[in-house]
Amino acid sequence: MKKNLVIAFAAALLLGGLNAQAQAQTTTPATTASAGPLKLGYTNIDYILSQTPEAKDIQNQLTIQRTQADNELKRMQKELEDKYGAYEKGAAQMSDVIRKDRETELQGLQARIQEFGRTAEQSLQTKYQQLVNPVVQKIQKGIDAVAKENGYQYVFNLDAGANTIPILLVAPEENNITELVLKKLGIDPAKAAAAAKPATTGGSAPAAAKPAGSAATPKKN
């Protein structure tokens, strides 16, 4: 549903811009001639993000946090397995009171493991947003500058997010401003393409490592 709304909005935006331009040509041809045609651009924020100097540090920090959480989860699961094994081995000799107490302990440990898994994933999502948002803000400023300098009225993000269909399915390469944005951020597009090529098989380059289901969204200042 969200993807459909985004696509519908993009289509309405494009149609509205074209209608406005046609009306301007009918009413004020002199002004329109000086303003020029509607200019649309596109880029891929995930790819740009993956090429920033901060991307490697973001990936490292997320990997460290996930590894720590995974290790703690394994320790808790091992504790549950050991206690359950001991319970099974001695259950026949336990009194009803002790057996019930051990069962309650096992249930409580299992609940703590499940809660820890949820909390650890939420913490990873929060950490990702904290690390990525400043970089995305910087990327957005670069996009704004490129759009202003080159006369783009609208710029679309080619990648609609993880596991989604891109917003733009067909677009002319000359409207791709990705290289201009990379240069604006001080990144060599040729080196970025060479670094990304081994990791890709025809799609867009991967962004900095991120938790499943999350996607950086550019925010205006």
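This is a short tour of a predicted model, with a few selections to make in your viewer.

**Stop one: the annotated helix.** Start by selecting residues 59–86. UniProt lists this span as "coiled-coil region", in an unreviewed entry. In the model, the span is 100% helix and 0% strand. Place a distance label between the C-alpha atoms at its two ends, and you should read 40 Å.

**Stop two: a charge and a ring.** Next, show the side chains of Lys39 and Tyr152. Lys39 lies over the face of Tyr152, and 4.5 Å separates it from the ring centre. While you have rings on display, what does a search of the whole structure find in the way of aromatic pairs? It finds one.

**Stop three: a nonpolar patch.** Now select Ile165, Leu169 and Val170 and turn on the surface. Together these residues make a nonpolar surface patch of about 360 Å². Zoom in on Leu169, which sits in the loop between strand E2 (154–157) and helix H6 (178–184). Is Leu169 buried or exposed? It counts as exposed because its relative accessible area is 67%, and the cut-off for that label is over 50%.

**Stop four: the loop after H6.** Move along the chain to Ile187, in the loop between H6 and helix H7 (189–196). Ile187 has a relative accessible area of 13%, so it is classed as buried; the label applies under 20%. Finally, add Thr52 to the selection. Thr52 and Ile187 are 135 residues apart along the chain, yet their C-alpha atoms are separated by 7.3 Å.

How values were computed
Residues are numbered from 1 along each chain as its sequence is written. This is a predicted model: local features need pLDDT of at least 70, side-chain atom pairs count only at pLDDT 80 or more; totals for chains, interfaces and linings use all residues. Side-chain values use heavy atoms; hydrogens and water are left out. Rings of Phe, Tyr and Trp (its six-membered ring) pair if their centres lie within 6.5 Å; planes under 30 degrees apart count as stacked, over 60 as edge-to-face and the rest as tilted. A charge sits over a ring if NZ of Lys or CZ of Arg is within 6 Å of the ring centre and within 35 degrees of the ring normal. UniProt positions are given in the numbering used here, feature names are shortened, and annotations may be inferred rather than shown by experiment. Helices (H or I, at least four residues) and strands (E, at least two) are DSSP runs, numbered from the N terminus. Patches are made of residues with over 30% relative accessible area and no salt bridge: like charges are joined within 9 Å, nonpolar side chains (Val, Leu, Ile, Met, Phe, Trp, Tyr) within 5 Å. Accessible areas come from the Shrake-Rupley method with a 1.4 Å probe; for residues, only the protein chains shown count as cover. A salt bridge is a side-chain nitrogen of Lys or Arg within 4 Å of a carboxyl oxygen of Asp or Glu. Buried means under 20% relative accessible area, exposed over 50%, partly exposed in between (1.4 Å probe, protein chains only).
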